[in-house]
Amino acid sequence: MKYRSVFDIIGPIMVGPSSSHTAGAVRIGLVARDLFGSTPSQADIYLYGSFMETYKGHGTDVALVAGLLGFDTDDSRIPTSIELARAEGLNVTFIEEDEERSHPNTAIIHMKDDNRDLTIEGISIGGGKIEIVSLNGFPIAISGNYPALLVFHQDSFGTIANVTQVLGQHRINVGHMQVARKNKGEIALMTCELDDAIDDNVLEEIRQCNGVTTVTLMSEA
């Protein structure tokens, strides 16, 4: 279910003009920043479909950058976000793509700094709601409406069970879970949308599970 109330359809309190092209774009940027862990030094933003066709007139460009800076949908600084990003040392490049994607409101954001490199694909589905559908080439499905646990791990027997056992021991309920891999026996990505946020000590227990390589907790956007 993509909408939980009539307010999800109407959209959030926002700097306009469009809940899909502006507020949704801010939230894609916010989730991208959350997954990256900070403001990147470089962001290459690939725009598809109606995002590509109308991104300047509907403010999608400044909205995506505002999210990368950590601004929320109602932040008055959104219209000047590109200038603010430049002042903060964030270099942004927009690339228009004619390729058709699964949704017309699609942005792929490739972020990097001296130590990290991360690519996410986000779609704006209306009313300010979004989905993250890919992370570093792994297919995922994260709404941004709930805390999300992302665990990169070896595709080996027992690893998933070890992680879910930790969650069960701490009475943490999983609302949605997905596991994706590119090749058998290599690195896989487990994503779990949780009913509640979890403590750092739980994250550390998960990091200690055999086969786990990287653990990230994404907060609600």
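These questions and answers go through a predicted model of one protein chain.

User: How many helices and strands does the protein chain have, and how does its radius of gyration stand against the globule rule?
Analyst: The secondary structure comes to seven helices and 10 strands. For 221 residues the globule rule gives 17 Å, and the chain is close to that, so it is as compact as a globular protein of that length. The C-alpha trace spans about 50 × 40 × 30 Å along its principal axes. The radius of gyration is 17 Å.

User: What share of contacts between residues at least 6 apart in sequence join residues at least 24 apart?
Analyst: Of the 221 residues, 48% count as buried. Among the contacts in question, the share joining residues at least 24 apart is 68%.

User: Which strands stand at the edges of the six-stranded open sheet?
Analyst: The sheet has the order 2-1-3-4-5-6, with mixed pairing. An edge strand has a single partner strand, so one of its sides is left without a neighbour in the sheet. Neighbouring strands are turned by 20° against each other on average, direction ignored. The edges are strand 2 (91-96) and strand 6 (138-142).

User: Which residue of strand 5 stands opposite Gly-126?
Analyst: Strand 4 (residues 117-126) pairs with strand 5 (residues 129-135) over six bridges. The sense is antiparallel. Opposite Gly-126 stands Lys-129.

User: At what angle to strand 1 does helix 4 run?
Analyst: Helix 4 covers residues 60-68. It lies across strand 1 (42-48), strand 2 and strand 3 (105-112). Its angle to strand 1 is about 140°.

User: Which helix gives the largest share of the largest nonpolar core?
Analyst: This core has 42 residues. Those with the most contacts inside it are Ile-109, Ile-120 and Leu-135. The largest share is eight residues, and it comes from helix 2 (residues 19-36).

User: How many residues are in the other core, the one with Val-163 and Val-202?
Analyst: This core lies apart from the largest one. Ile-206 and Val-212 are also among its members. Its residues number 16.

User: Which buried residues of helix 6 lie on the same side of the helix?
Analyst: Helix 6 spans residues 159-169. Its buried residues cover an arc of only 100° around the axis, which puts them on the same side. They pack against strand 7 (148-154), strand 8, strand 9, helix 7 (200-207) and strand 10 (212-218). The residues are Thr-159, Val-163, Val-166 and Leu-167.

User: Which strands does strand 7 pair with in the antiparallel sense?
Analyst: Strand 7 is mostly covered, with six of its seven residues buried. Seven bridges join it to one partner, where His-153 stands opposite Ala-188. Six bridges join it to another, where Ala-148 stands opposite Met-218. The partners are strand 9 and strand 10.

User: Is Glu-186 buried, partly exposed or exposed?
Analyst: Glu-186 sits in the loop between strand 8 (174-181) and strand 9 (187-194). Buried would need under 20% relative accessible area, and exposed over 50%. Glu-186 has 44% relative accessibility, so it counts as partly exposed.

User: How far apart in space are Glu-186 and Asp-155, C-alpha to C-alpha?
Analyst: They are 31 residues apart in sequence. Not counting residues up to four places away in sequence, Glu-186 touches His-153, Gln-154 and Asp-155. The C-alpha to C-alpha distance from Glu-186 to Asp-155 is 5.4 Å.

Technical notes:
Residues numbered from 1 in each chain as written. Predicted model: local features only at pLDDT ≥ 70, side-chain atom pairs only at ≥ 80, totals over all residues. Heavy atoms only, no water. Pairing = 2+ DSSP bridges. Helix = DSSP H or I, 4+ residues; strand = E, 2+ residues; numbered from the N terminus. Axes fitted to C-alpha atoms, helices over the stretch in contact; angles between N-to-C directions. Contact = heavy atoms within 4.5 Å. Buried < 20%, exposed > 50% of the residue type's maximum accessible area, 1.4 Å probe, protein only. Arc of directions from axis to C-beta. Core = buried A, V, L, I, M, F, W, Y, C linked by side-chain atoms within 4.5 Å. Rg over C-alpha atoms; globule rule 2.2 N^0.38 Å.
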